[in-house]
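Biologist: I would like a close look at one part of this model, namely the charged side chains and the partners they meet. Please take me through them slowly, and bring in the aromatic rings where they help.

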Amino acid sequence: MNRIFLSLILLLVVGQAWARPEYAARLGINNCQSCHYNPGGGGLRNPNGKFYGWRARQGVWDGEKKYWHIDLRMNGLYPNRATEANNGMALMSAVAGASLPIEKDGDKVRSQIVLAYDMGTVAANGPREAYLQFIPDETSVWTIGRFLAPFGLLTDEHRAFTRLQTKSTIYDFEMGGVYSKDLSERAHIDFALTTGFAQGGKFTGGTPTTPEQTSAAILNARFSPSFYPGFLGLSYRNDQSLIVKDVQAVSAYSAISLERTRLFIPLHVLGEVVWAQGWNNQKYNAINMGQFIPGSDLALQAALEKSESLGMGAEANFEINPWWVLQYRYDRIALDQKFSGDVFQRHGVGFKHFFTATTNILVRYEKAESSVKEVPQESVRANKDSFYFILHAWL
């Protein structure tokens, strides 16, 4: 019955990628584990998510592929500058993964191991997800190990300012445990405790001046009100560090599908606002902050260490047909909200094309704008215009 219901939906909609909350909004779902193993979304997809992604194409879905996964991404960045080091095409990620049932009750998995390894060259290759899951009933899941934290609106937009702002991109894994619970059909919560370790579960040999992150508490809640064509979410995290004090962040986010309104317009909109404190500190978020602050500008780094930042992100996807999607992406961040006029902004316009049920390409031109006078136009990536694309294939 579930497969028949999904097939009817899949004849009308597009579905793929690591984390696409617009599809959840379209179906009135607020639990990321409807399609992913990870409670925060993203990462390996469960059988429902894989079947949804295949869109019921004949000859594609194969039950033997339920428990193993391959995901290949190649990306391109063309700033067209002789002084730019990152020019051309690269292997973004090459992920091989498996979900291994430990205990089953009939056809229901009660406990399992989820593993993934990245052989790509752009991001930090090596182990990705690696956790145990215990599923005592239909409404709750315990996850213990290395995972993407359930904070904010997780999508496969790893360049989103709000994700860089709080080090919560699809490449930022944490060690710890998550308890996930469906309070009802319309309400879901995640509560996570992580032991930190800035390298995602790897001891990095911290020093008294640059210690490893010690712990974090994260609370995430999503709601799908009956009157709302999508879902609303709110996340809070508080990090305890030995050197950086008062590290915390709040995310308010939403996904709306106008296809669920009387307008029946195939337009799906995502939005997020993130307030953060302590994350500007280079000792805590050095790689991501390097997108906004030149590594050589020690004075600006020091001035922003204790600042409260405010980031915003929005994305609109308009489906022309099941194979072509027009996309607009907007990112904005003020690293010090007391000076709200000093912001980095980026507008992206492009399209996504699905060659087959399991291959697609995203092409986007991104126009950067900045009013931060202390940061020269060509000194950081957030200040640069670019032609950007991702070629994606998966099984």
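Modeller: Since this is a predicted model, what follows describes computed geometry, and I will start with an aromatic residue before turning to the charges. At 31% relative accessibility, tyrosine 78 counts as partly exposed, and phenylalanine 387, at 37%, is also classed as partly exposed. The search of the whole structure finds seven aromatic pairs, and in one of them the rings of tyrosine 78 and phenylalanine 387 have their centres 6.4 Å apart with their planes at 50°, so the pair is tilted. Because tyrosine 78 belongs to strand E1 (residues 68–78) and phenylalanine 387 to strand E16 (residues 386–394), this pair ties together parts that are 309 residues apart in sequence. Ring pairs also bring in Phe389, which forms a cluster with Tyr78 and Phe387.

Aromatic rings also meet charged groups. The charged end of arginine 45 sits over the ring of tryptophan 394, 3.7 Å from its centre, while arginine 159 lies over the face of tyrosine 388, at 4.4 Å from the ring centre.

Arginine 159 leads us to the salt bridges, of which the structure holds 17. Its partner is glutamate 366, with the closest N and O atoms 2.2 Å apart. This pair links distant parts of the chain, since arginine 159 is in the loop between E5 and helix H4 (161–165) and glutamate 366 is in strand E15 (residues 359–370), 207 residues apart. Both arginine 159 and glutamate 366 are buried.

Helix H4 itself contributes arginine 163, whose side chain meets that of glutamate 272 in a salt bridge (2.6 Å, N to O). Glutamate 272 lies in strand E11 (residues 267–277) and arginine 163 in helix H4, so this pair ties together parts that are 109 residues apart in sequence. Glutamate 272 has a relative accessibility of 6% and therefore counts as buried, and arginine 163, at 1%, counts as buried too. Salt bridges that share partners join Glu157, Arg159, Glu315, Arg329, Asp331, Arg346, Arg364 and Glu366 into one network, and this network includes the arginine 159 and glutamate 366 described above.

A further salt bridge connects arginine 110 with aspartate 105, the closest N and O atoms being 3.9 Å apart. Here the two partners fall into separate classes of accessibility, because arginine 110 is buried at 18% relative accessible area, whereas aspartate 105, at 47%, counts as partly exposed.

Methods: Residues are numbered from 1 along each chain as its sequence is written. This is a predicted model: local features need pLDDT of at least 70, side-chain atom pairs count only at pLDDT 80 or more; totals for chains, interfaces and linings use all residues. Side-chain values use heavy atoms; hydrogens and water are left out. Rings of Phe, Tyr and Trp (its six-membered ring) pair if their centres lie within 6.5 Å; planes under 30 degrees apart count as stacked, over 60 as edge-to-face and the rest as tilted. Helices (H or I, at least four residues) and strands (E, at least two) are DSSP runs, numbered from the N terminus. Buried means under 20% relative accessible area, exposed over 50%, partly exposed in between (1.4 Å probe, protein chains only). A charge sits over a ring if NZ of Lys or CZ of Arg is within 6 Å of the ring centre and within 35 degrees of the ring normal. A salt bridge is a side-chain nitrogen of Lys or Arg within 4 Å of a carboxyl oxygen of Asp or Glu.
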